[in-house]
Amino acid sequence: MTNTLVVYYSFTGNSKKVANYVKEKLNADILELEPKIPFSTDYDEVVAEWQNNDMKKDVEIKSIDKDLSQYKKVVLITCTWWYGISPVMKKFLKEYDLSGKDVLVASSNAGWIGHCFRDYKTLLPNANIKGELDLVFSAEDGKRDQIITLQEEIDRWIEKL
Ligand SMILES: Cc1cc2nc3c(=O)[nH]c(=O)nc-3n(C[C@H](O)[C@H](O)[C@H](O)COP(=O)(O)O)c2cc1C
């Protein structure tokens, strides 16, 4: 039984790919977060709708099927929405207590990670954040799924756990 859990939210699939890579590397369990009510499938509509993505703004999420007390180490990966961590990840961190756990945090973005690491720190006051990863993908239309961050950088981040 593993003591490591990868928790992620991915709107367009980038964070999901990295989450699965980390899961394989660490031989970890994996948990995908999902909003209770799906976001629109129209990308631009979601971008426009979430222009206000402050700390207070989150969404209801589906209940999780993992017992968090089983895990000593947690890897958190989300997409960046308007310079902050996604509302789905925010809600997870508000609802579930990761106190005392060793944690790695990452936020997928297109070059503007904003205050994501600060968001994580605010919502993880009693966890041990061992490493932060600025996970950059292309900002170009039609190429948003192309990763820019080097695999070695991801591997170095994973080793911090
Ligand atoms: C609502 C919304 C807001 C976004 N805001 C930002 C941002 O502030 N900075 C940035 O670099 N990318 C921003 N992006 C782009 C995504 O963060 C980026 O494409 C990321 O790789 C997507 O990860 P995912 O495929 O796991 O959802 C935004 C995307 C969406 C849909």
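**Close-up 1. Polar contacts of the ligand with serine 10, tyrosine 83 and glycine 111.** In this predicted model, an N or O atom in the side chain of serine 10 is 2.6 Å from an oxygen atom of the ligand. Tyrosine 83 takes part through its backbone: one of its backbone N or O atoms lies 2.7 Å from a ligand oxygen atom. For glycine 111, the distance from a polar backbone atom to an oxygen atom of the ligand is 3.3 Å. (A polar contact is a pair of N or O atoms within 3.5 Å; within protein, one atom must be able to donate a hydrogen and the other to accept it, and residues adjacent in sequence count only if both atoms are side-chain atoms.) The protein buries 94% of the 650 Å² that the ligand exposes when taken alone (Shrake-Rupley method, 1.4 Å probe). There are 20 residues around the ligand, and Ser10, Thr12, Ser15, Tyr83 and Ala110 come nearest (a heavy atom within 4 Å).

**Close-up 2. The buried face of helix 5.** Helix 5 covers residues 151-159, and its buried residues are Ile154, Asp155, Trp157 and Ile158. Viewed down the helix axis, these residues fall within an arc of 160°, so they line one face (the arc is taken from the directions from the axis to the C-beta atoms). Arg156 and Glu159, on the other side, are exposed. (Buried is under 20% relative accessible area, exposed over 50%, partly exposed in between, with a 1.4 Å probe and protein chains only.) The cover over the buried residues includes helix 1 (14-26), strand 3 (73-81), strand 5 (102-109) and strand 6 (128-136) (contact: heavy atoms within 4.5 Å). Helices (H or I, at least four residues) and strands (E, at least two) are DSSP runs, numbered from the N terminus.

**Close-up 3. Aromatic rings around tryptophan 81.** The whole structure holds 10 aromatic pairs (Phe, Tyr and Trp rings, the six-membered one for Trp, with centres within 6.5 Å; planes under 30 degrees apart are stacked, over 60 edge-to-face, the rest tilted). Tyrosine 9 and tryptophan 81 have ring centres 6.3 Å apart and planes at 80°, so this pair is edge-to-face. Tyrosine 9 is in strand 1 (residues 4-9) and tryptophan 81 in strand 3, so the pair ties together parts 72 residues apart in sequence. Both residues are buried. The rings of tryptophan 50 and tryptophan 81 are tilted, because their planes are at 50°, with centres 5.9 Å apart. Tryptophan 50, in the loop between helix 2 (43-49) and strand 3, is 31 residues from tryptophan 81, and is also buried. Ring pairs join Tyr9, Phe11, Phe39, Tyr43, Trp50 and Trp81 into a cluster.

**Notes.** Residues are numbered from 1 along each chain as its sequence is written, and side-chain values use heavy atoms, without hydrogens and water. Local features need pLDDT of at least 70 and side-chain atom pairs 80 or more, while totals for chains, interfaces and linings use all residues.
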